[in-house]
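Here is a friendly tour of one protein model and the places where it meets its ligand. Please keep the structure open as you read.

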Amino acid sequence: MTLRLGDIAPNFQQESSVGHIDFYSFLDGHWGVLFSHPADFTPVCTTELGFTAKLSEEFNKRGVKAIALSVDDVESHKNWIQDINETQNTTVNFPIIADKDRKVSELYGFIHPNASETLTVRSLIIIDPNKKVRLIITYPASTGRNFNEILRVIDSLQLTDHHKVATPANWQQGEDVVIVPSLKDEDEIKQRFPKGYKAIKPYLRLTPQPE
Ligand code: BEZ
C-alpha cells in the first residue's frame with residue numbers, strides 16, 4: 001500500500017514491547033508519530049529512540065503519542081530498550097512494535113525492497129486526531145532523523161489547522177507567519193490578525209504568530 005498525505009492511516013493490531021497494540025486504541029484521539037527503524041541494536045537507531053524518549057514531555061505538551069517499529073521481535077526490543085536507557089541516559093516510555101511478520105511494515109510501505117529486501121527503512125508518519133496522514137518522510141539507514149524538526153512540523157500543523165496562516169522556511173515557535181494567499185478580504189484580515197501585517201509582495205504577507 002502507498003500512503004499519501006491526506007489518506008486515513010490504517011488500523012492494525014500487532015505485538016509490541018508493551019504488549020498487544022490496537023493502533024487506533026493506542027492513539028485514542030491524539031496526534032501520532034509512527035516511525036520505523038532498520039533494526040534493534042544498531043547505533044543510529046539507538047540514538048534516535050533515546051532522543052525521542054528525551055522529548056517525551058514535548059510530545060505530551062502537544063498531545064502527541066510516539067510509537068516505533070522494526071521487524072525485530074518483542075524479546076529483542078525489550079533487551080535493546082535496556083541498552084537505550086543505559087547509553088542514552090533516558091527511559092523509553094513509548095512502545096516499539098515487533099513487526100516480525102512485516103504486517104504493519106507492508107501496510108505502511110516501510111519496506112523499500114531496493115534499499116533492503118528485509119529491513120524497514122527510516123520512515124516517519126505524523127497522523128492527526130482524525131487519523132489523517134499529515135507528514136511522510138523517509139531517510140536512509142545511514143542518516144538519523146532530526147526529531148526537533150518533527151516537533152517543529154507538529155507545531156506548524158497545529159497552528160495552521162486553527163488559523164489562516166502557513167509557516168515559512170525554518171520557522172520556529174513565536175516567529176512571524178504568512179497569511180494564506182486565498183485570504184483577500186481586508187475586513188477579515190483585520191479581524192483575524194489585529195496586530196496587522198507587512199505585505200512584502202501581494203502574495204507574501206507576514207504577520208506575528210497568532211495566539
Ligand atoms: C543504525 O541504526 O546505526 C544503522 C542501521 C542500519 C544501517 C546502518 C546503520
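## Around the ligand

The shell around the ligand is made up of 5 nonpolar, 1 polar and 1 charged residues (Ala, Val, Leu, Ile, Met, Phe, Trp, Tyr, Cys and Pro count as nonpolar, Asp, Glu, Lys and Arg as charged, and the others, Gly among them, as polar). Its members are P38, T42, P43, V44, C45, R122 and A141, where a residue is near the ligand if one of its heavy atoms lies within 4 Å of it. Helix α2 (residues 43–54) contributes the most, with 3 residues; helices (H or I, at least four residues) and strands (E, at least two) are DSSP runs, numbered from the N terminus.

This is a predicted model, in which local features need pLDDT of at least 70 and side-chain atom pairs pLDDT 80 or more, while totals for chains, interfaces and linings use all residues. Residues are numbered from 1 along each chain as its sequence is written, and side-chain values use heavy atoms, with hydrogens and water left out.

## Polar contacts

Three polar contacts (pairs of N or O atoms within 3.5 Å) involve ligand oxygen atoms. A polar backbone atom of V44 lies 2.6 Å from a ligand oxygen, a polar side-chain atom of T42 lies 3.0 Å from one, and a polar backbone atom of P43 lies 3.1 Å from one. On its own the ligand has 260 Å² of accessible area, and the protein covers 73% of it (Shrake-Rupley method, 1.4 Å probe).

## Domains

The protein is divided into domain 1 (13–145) and domain 2 (163–207), with bounds from an automatic or database domain assignment. Their C-alpha centres lie 35 Å apart.

Notes: Polar contact = N/O pair within 3.5 Å; in protein donor to acceptor, adjacent residues only side chain to side chain.
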